[in-house]
Amino acid sequence: KRRTREIAARVGSTPQAIYEVAYSECGLNPFCVRKDRIAAGWLQFTRAGLDGLGVSLDEVKRACYNRDAAFIMDVSERYLIRAAGGHALPTSTDIYTAVFAPSFVGQPESTILYQGHNRPSYFLNAGVDGHKYRMSGNKLVWFREPDGAISILDLRLALAAKRAKFLKQ
């Protein structure tokens, strides 16, 4: 909790925003290694995401298996600071954009991050595409209508849908 507060302060965010993204990425398990082993850790680091940080995916996986929280949080901090590129990341959508597609930090919500059902960058992340809601009485009903393109708005709505499910709203 202390490290999450420190990281949030360094990137102009809140612990809640980081927790929302971590819940989406790893179910709040900082030691999570994805079943296909292409991502690991609190922010689900990939080889490409770690490039330039001086840390390998194998090192992150080893830290996960050894439950080395300090290492995972150090890498998370370095990653988010680099991904922010000097921008503040005040919302969970900003944090998620930094994690998901850092070159798009600060862009409008309509910005397309990945598209094309046959492209790995899209189909490995297709679960965030197309979240929508409608009102039923005074309750939100969430559903999906994927369109083959993941935008920053899709990230925001995917986080909102997971938050609503978590809070049973």
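A salt bridge here is a side-chain nitrogen of Lys or Arg within 4 Å of a carboxyl oxygen of Asp or Glu. With that in mind, open the model, which is a predicted one, and take the stops below in order.

**Stop 1: R156 and E109**

Select R156 and E109 and display their side chains, which meet in a salt bridge with 2.5 Å from N to O. R156 belongs to helix α8 while E109 sits in the loop between α6 and β1, so the pair ties together parts that are 47 residues apart in sequence. Colour the two by accessibility and neither disappears into the interior: R156 is partly exposed because its relative accessible area is 34%, and E109 is partly exposed as well, with a value of 32%.

**Stop 2: the whole of helix α8**

Now extend the selection from R156 to residues 152-167, the 16 residues of helix α8, whose first and last C-alpha atoms are 23 Å apart, close to the 22 Å expected at 1.5 Å a residue. Which residues of this helix are buried? They are I152, D154, L155, L157, A158, L159, A160, A161 and A164. To see what covers them, add the surrounding elements, including the helices α2 (15-26) and α6 (92-100) and the strands β1 (112-115), β2 (131-136), β3 (139-144) and β4 (149-151).

Both ends of the helix deserve a look. At its start, a side-chain oxygen of S151 comes to within 3.3 Å of the backbone nitrogen of L153. Just after its end, select K168 and inspect the backbone, where phi is positive, at about 55 degrees.

**Stop 3: E145, between two of the covering strands**

From the strands that cover α8, move to the loop between β3 and β4, where E145 lies. E145 is partly exposed, since its relative accessible area is 45%. Select G130 next and draw a C-alpha to C-alpha distance: E145 and G130 are 15 residues apart in sequence, yet 4.6 Å apart in space. If residues up to four places away in sequence are set aside, E145 touches G130 and K132.

**Stop 4: S13, ahead of helix α2**

Helix α2 was among the elements covering α8, and the loop that joins α1 (2-10) to α2 holds S13. Is S13 buried or exposed? Its relative accessibility is 14%, so S13 counts as buried, the limit for that word being under 20%. Show the side chain of S13 together with the backbone of L89, because a residue counted as buried at 14% can still be followed to a polar partner: the backbone oxygen of L89 lies 2.7 Å from a polar atom of that side chain. Beyond its neighbours up to four places away in sequence, S13 touches A8, L89, P90 and I95.

**Stop 5: the salt bridges of helix α1**

Step back into helix α1 and select E6, which has two partners to examine in turn. The side chains of E6 and R2 meet in a salt bridge of 2.7 Å, N to O, and these two residues are about one helical turn apart because four residues separate them in α1. R3 also forms a salt bridge with E6, the closest N and O atoms being 3.1 Å apart, and this pair, three residues apart in the helix, is again about one turn apart. E6 counts as partly exposed at 33% relative accessibility, whereas R3, at 16%, counts as buried.

Widen the selection to R2, R3, E6, R10, D74 and E77, and the residues of a linked network of salt bridges are on display. Across the model, the count of salt bridges comes to eight.

**Stop 6: G41, in the next loop**

In the loop between α2 and α3 (47-50), select G41. G41 is buried, its relative accessible area being 0%. Show what surrounds it: leaving aside neighbours within four places in sequence, G41 is in contact with C26, N29, P30, C32, V60, C64 and I72. For a bearing back to helix α8, add R163, whose C-alpha is 20 Å from that of G41, with their positions 122 residues apart along the chain.

**Stop 7: a nonpolar patch on the surface**

Finish by switching to a surface view and selecting I38, F123 and L124, which form a nonpolar patch with about 250 Å² of accessible area together. F123 lies in helix α7 (residues 120-123), and at 45% relative accessibility F123 counts as partly exposed.

Technical notes: Residues numbered from 1 in each chain as written. Predicted model: local features only at pLDDT ≥ 70, side-chain atom pairs only at ≥ 80, totals over all residues. Heavy atoms only, no water. Expected span 1.5 Å × (residues − 1). Buried < 20%, exposed > 50% of the residue type's maximum accessible area, 1.4 Å probe, protein only. Contact = heavy atoms within 4.5 Å. Polar contact = N/O pair within 3.5 Å; in protein donor to acceptor, adjacent residues only side chain to side chain. Patch = residues over 30% accessible without salt bridge, like charges linked within 9 Å, V, L, I, M, F, W, Y side chains within 5 Å. Areas by Shrake-Rupley, 256 points an atom, 1.4 Å probe, with all protein chains shown as cover.
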